[in-house]
Amino acid sequence: MPETRFTKDHEWVRRNGAIFTVGITNHAQAALGDLVFIELPEPGRSVEAGEVCAVVESVKAASDVFAPMSGTIAAVNGAIIEDPALVNRAAESEGWFFQLTPASPEAFEDLLDATAYRALLETP
Amino acid sequence: MRLVADLGAGPGMESSTVELALSPLDALHRALGARMVPFAGYAMPLSYPSGILAEHRACRTHAALFDVSHMGQAELLGAGGDAALEHLVPGDLLGLKRGHQRYTLLTGHAGGILDDLMVARLAPERLFLVVNAANKAADFARISAHIPAEIQIKPRTTHALLAFQGPRAAGLLGEISQGFTALPFMGVAEGEIAGISCLVSRSGYTGEDGFEISVAGADAEALARRLLALPGVVPAGLGARDVLRLEAGLCLHGQDIDATTTPVEADLAWTIAKRRRATADFPGARPILEALVAGPARLRIGLRLEGRAPARAGAPILAAGEDIGYLTSGGFSPSLNAPIGMGYVVTPAPEPGAPLAVRVRGQDLPAHRVTLPFIPHRYAN
């Protein structure tokens, strides 16, 4: 059963067996507005938790996307490079950014669960 | 994810702890679901739920309504107001005909641009000024200090300013008013729209035909609702306005021009009237006129980037690997479906078409110089 966790930087991580998929939340895409450009990491790159590993640009803003956990980039979603607006339409599903092979899968447990993330959004 | 550049942090933004001034249209923006941001001390709409791209498209293909009530408006009343204001700007105001407006610059003694503004002549002894929001207090103080006692500057502090822009704006405005659609580009007239008293100029900041409408704050929402009820008209925010003005190659004061850039460097020498070049009696005339003859040390140019990655203000511009300048505005052009930018380069500037690069996150992205504007202006004749 896949489980989704969140970061305070408005990213989501979905664990499905050994596969950890990462994207930006629906709240994040709404805050950014229409996306026009996305840069993704090279597969095989190793990343530290908190390291900048992708960039999103909307018509009004540029944003860094962080690695939510340390590990190795296993795959990236080429569809969002071709069509950045896919992230606006489906941020938490088809608009995923990359898949990660974590150095320590238990780091997933330290991320925010859906209730904690919702509480974060409601904090003014 | 973390925002590293945002329009909301643009020129004139004040700390969100400061109490923001409200536009007369504030309640309407909130009712329309606008995302409000602090801008030049005001809470203003960045975008509406349809998004910046849809708002941009409406303005380029049909008509869009912008609230620009944060801008500074003032009347200059009394005999000799034109001559007095000429002491502060390089434009020809004595030659400004009744019912017309002109774009000009407030210059400083070193030749820098303190602000850019519109000056209209409503009557022989009555001028109307529109200045930038972030500079309005300083501009009006400077003008007050330089005019004789018999001339009065009267800011319109409670008026709204609406911009109704797009290729269909004139046709649509004609459905609820008379007279304004006959105005030429940069023509100005007072009258009524749907029974509401207005001061209207045929101008804007989008590169499209359109109108800017000064209206009493108490009437602003009724007028805005009337315009938004016209077929296909959409509300548009500051986000779309910034994209549109960049495509039109128009400068944003505080970003592309400021007290450290001269009109010659900014490629705005056309605003220095022939007579004023001869009289040389505006602030900074000497350095500005010297640069006109000798050429400026740097020049504002337009660039188009290859690929899709936008470059933002501050990005270095390179020619053959050498740093030659930096962007002052940059973003993605929906009309061209490509990233564009404006910035300053050392002279001699590369010719249009010359291969350049813009450094973004350590990468040199290929670009070339293009002639401004990026999108041809489509003003009324």
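Glu247(B) is buried, with a relative accessible area of 0%, and its side chain meets that of Arg60(B) in a salt bridge at 2.9 Å, N to O. Arg60(B) sits in helix α2 of chain B and Glu247(B) in helix α7 (residues 238-247), so the pair ties together parts that are 187 residues apart in sequence. Please keep in mind that this is a predicted model. From that pair, the tour below moves through chain B and then on to chain A.

**Charged pairs within chain B**

- Arg60(B), the partner of Glu247(B), is buried as well, at a relative accessible area of 9%.
- Another salt bridge joins the side chains of Asp364(B) and Arg359(B), with N and O 2.6 Å apart.
- Here the partners are not buried: Asp364(B) is partly exposed at 38% relative accessible area, and Arg359(B) is partly exposed at 34%.
- A network of salt bridges links Glu86(B), Asp92(B), Arg275(B), Arg276(B) and Asp281(B).
- Over all chains, the structure holds 29 salt bridges.

**Where chain B meets chain A: extent**

- Chain B brings 20 residues to the contact and chain A brings 22 residues.
- Together the two chains bury about 2000 Å², with 55% of it on carbon and sulfur atoms.
- On the chain B side, Met1(B), Arg312(B) and Arg361(B) lose the most area to chain A, together 37% of what that side buries.

**Charged and polar pairs across the interface**

- The interface of chain B and chain A has 3 salt bridges.
- One of them pairs Arg312(B) with Glu57(A), at 2.6 Å from N to O.
- Glu57(A) also forms a salt bridge with Arg361(B), where the closest N and O atoms are 3.2 Å apart.
- Glu57(A) belongs to strand β6 (residues 52-58) of chain A, while Arg361(B) lies in the loop between β20 (355-360) and β21 (363-370) of chain B, so this pair joins two chains.
- Glu57(A) counts as buried at 1% relative accessibility, whereas Arg361(B) is partly exposed with a relative accessible area of 39%.
- Between the two chains, 9 residue pairs are in polar contact, both residues being at pLDDT 80 or more.

**Make-up of the chain B side**

- Two elements of chain B, β1 (2-6) and α2 (52-61), give two or more residues to the side that touches chain A.
- The largest share of that side, 5 residues, comes from β1(B).
- By residue type, the chain B side divides into 12 nonpolar, 2 polar and 6 charged.
- Helix α2 thus appears in both topics: it contributes to the side that touches chain A and holds Arg60(B).

Technical notes: Residues numbered from 1 in each chain as written. Chains lettered and ligands numbered in written order. Predicted model: local features only at pLDDT ≥ 70, side-chain atom pairs only at ≥ 80, totals over all residues. Heavy atoms only, no water. Contact = heavy atoms within 4.5 Å. Buried area = accessible area lost by both parts, 1.4 Å probe. Salt bridge = Lys/Arg side-chain N within 4 Å of Asp/Glu carboxyl O. Polar contact = N/O pair within 3.5 Å; in protein donor to acceptor, adjacent residues only side chain to side chain. Helix = DSSP H or I, 4+ residues; strand = E, 2+ residues; numbered from the N terminus. Nonpolar A, V, L, I, M, F, W, Y, C, P; charged D, E, K, R; others polar. Buried < 20%, exposed > 50% of the residue type's maximum accessible area, 1.4 Å probe, protein only.
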